[in-house]
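Please open the structure in a viewer and keep the selection panel at hand. The tour below moves from one selection to the next and states what is found at each stop.

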Amino acid sequence: MGSVNLEKFYPANGTVEAAKVNANFNAVAGSSQGVNDDNVATEGLIRDNFANANSATAYNKGLCIKHAAFQENGYTLATGSAVSANAKYHSLTDNTIATANKTDDANKRQEIAHNSSGATSTQQGIGTKIPVGGYQDGSTQRSNGIALEVGDVIHVYWNVTAWRWEPQYSASWATYVCELIDYSSVRGTILNYAMCIWPEFNTQDDLGSNANFTSASDSTHGFARTSPGFANPDDGVAPLGGGGGVSDPNSTGLNNLMPFADKRRDHWTWVPVMMGSCGSSNVAGNDTVCVMMDAENGPSDTVIGGARNCSGQTYITVDTAKTLHSIQLYVTGLMGLHYNTSSNKNGTFIEDQASTNTSGGIDGTLHIERASIGYVVYRKEGV
Amino acid sequence: MPYRFTKADIISGSIVQSREFDNAIGNYVDVMNGGMDRDNMPYGGVVSASCDGGLFQNIAIFDNINPIDTDLQPDGNYVTLTPNRLGRLMYGYRYGEEPINAGDGWAQATSKSLECNEGMLQIDWQCAEAKTQYWSYWRNFTTDKVALKYMQWQIRVDGNNVYTSAGQYEIMNNSIHRCTIPISKGNHEISIHWRVPSQRDDTDQNQVVAVWWGGLLTMINKYR
């Protein structure tokens, strides 16, 4: 309502016209609505004066947070156990493919969807598919969803327990050593690859169909479209070795990488899988490769250690109003680092198209035990 | 609104002095003009639509923070300029050069300023990082020297250290660091720093020690 200004009679203290008295009363009466900053004392209100001051439900967190929830898949194993087949997530390269092209495109983007018994589930609330806003009343399938407003901020965080990296093709480490470490020449390289895990978002249906999950910066269904957007596995696919032929990564293949500076990658969790060495002398067999984790068989000369907890998080500002129904984790790989000397940009690529066994290519599966995901939606207004 | 004594009781039928109107009405107007407080407003009565944005908090997000690409140098130990077809060029920071030099010193990754209100400030820094671990990698045919490398991160507010991480030893990993501190009203500079261990006398300067990418700095100022 703003300040109320009255005509003051004091100090004249004489006879006052009725119209002036009425004007003062009307000024007060007319200001009975629309209280604003001018009317409220500095720091005069307390939290209880505001709507959403207290948690209305277990998920509604009050003034600053619109909604928050957490979910874990409940898949827990004893050390020494093997994960189920559905908890194994394969690299993009698959040397069991009979054709020259050893790429399985389906492996480029895989839902982390195993449930508490290690079986695949597409249901919300199971695996890493979390229903945003909780379930609708009376339903164990449909999510409430949350109406995102422009300016809201979503904090998504997750954790996966990398149980084991299992090289899929090779019965011998030599396959990887000869191609990636190469004790016989100066073609040494660094064997550090990672599987990457990231969240995708469903703004399309309250049942959370896998077909409806996209990047937060997706041009049609996303809610954070402002450039530079979020990188996905399609950014930086590079045919290693050009289908089996010898190629120079400076001029082919790897230069297709996506520079880090071009898109956001803070939403990726890097799960390291292998390390290697060409050895201290040019002697066959002096080279070694080891995997980063194997909780099934335990540490050894070729295994660094047991299970690894790999976490990630991202903060996303909503720039397009959408109803967010669910969030799910995905995995891809293998991702490597490379520096493009032509463009002078550092970046990453996804390994692709190893054509024959002898041409190498890292083919393996990431075994994931437990996985969890949570989110916090901060209110844009702060109330 | 504190209790206020009634200063005027206008009696019906009497002649009223005009200043008594001032006293009677002014008593209420004083409250309306900036004197309303928790007792005047109903609990739960102020809804979102009635409030300015950012009434209780301000969230600042700085994304896509990366090293300057041209500052990175190649690893000469394992990667030649024409590596094998499955090889690639590992670039990063090396000993003997800025910003690492001899190691153990803090290099600045990024610095941002934020206009704060009195309250608490949550600072979230995350990035991906890679280290070439010589305890597993050996330089081609020439040495079996090993050196365990790590990265540490530090958060500073106006130059004061408010958070220092433990060493991160993985070959590739996400590095997530968070702290919450009391903050005063005004403009504050939040900077992120990193370091690697000291150079050993047998550490090869051709080695890329570490590189990071994909930084995200998020600051949440929750008002008092």
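A residue is called buried if 20 or more other C-beta atoms lie within 10 Å of its own, exposed if 12 or fewer do, and partly exposed in between, with C-beta atoms placed from the backbone. The model is predicted, and local features need pLDDT of at least 70, side-chain atom pairs count only at pLDDT 80 or more, and totals for chains, interfaces and linings use all residues. Residues are numbered from 1 along each chain as its sequence is written, while chains are lettered from A and ligands numbered from 1 in the order in which they are written.

**First stop: a loop residue.** Select Lys185(B), in the loop between strand S8 (172-183) and strand S9 (186-195) of chain B. Strands here are DSSP runs of E with at least two residues, helices are runs of H or I with at least four, and both are numbered from the N terminus. Is Lys185(B) buried or partly exposed? Lys185(B) is partly exposed, because 13 other C-beta atoms lie within 10 Å. Beyond its neighbours within four places in sequence, Lys185(B) contacts Cys116(B), Asn117(B) and Glu118(B); a contact requires C-beta atoms, placed from the backbone, within 7 Å. Add Ala49(B) to the selection: 136 residues separate it from Lys185(B) along the chain, and their C-alpha atoms are 26 Å apart.

**Second stop: a sheet in chain B.** Select the four strands that make up an open antiparallel sheet, in the order S4-S9-S6-S7. Two strands pair if DSSP finds at least two bridges between them. Strand S4 (107-116) and strand S7 (160-164) of chain B are the edges, each pairing on one side only. From one strand to the next the twist averages 25°.

Now restrict the view to S6 (residues 152-157) and S7 of chain B, which pair in the antiparallel sense over four bridges. Val157(B) has Asn160(B) as its bridge partner, and Arg156(B) stands opposite Asn161(B). The two strands form a hairpin with two residues between them, and Asp158(B) in the turn has a positive phi of about 50°.

**Third stop: a kinked helix.** Select helix H1 (residues 18-32) of chain B, whose 15 residues reach 21 Å from first C-alpha to last, close to the 21 Å expected at 1.5 Å a residue; the expected span is 1.5 Å times one less than the number of residues. A kink of about 35° is centred on Gly26(B), where the bend is the angle between axes fitted to the seven residues ending there and the seven starting there. Phe21(B), Asp22(B), Ile25(B), Gly26(B) and Met32(B) are the buried residues to highlight in H1(B). Their cover includes helix H1 (18-29) of chain A. Just after H1(B), Gly34(B) takes a positive phi of about 95°.

**Last stop: the nonpolar core.** A nonpolar core is a set of buried Ala, Val, Leu, Ile, Met, Phe, Trp, Tyr and Cys residues joined through C-beta atoms within 7 Å. The largest has 109 residues, and Ala194(A) and Val273(A) have the most contacts inside it. Its largest share, ten residues, comes from strand S10 (residues 208-223) of chain B. Select Val273(A): residues that it touches include Trp165(A), Tyr193(A), Ala194(A) and Leu366(A).

Key
Contact = placed C-beta atoms within 7 Å. Axes fitted to C-alpha atoms, helices over the stretch in contact; angles between N-to-C directions.
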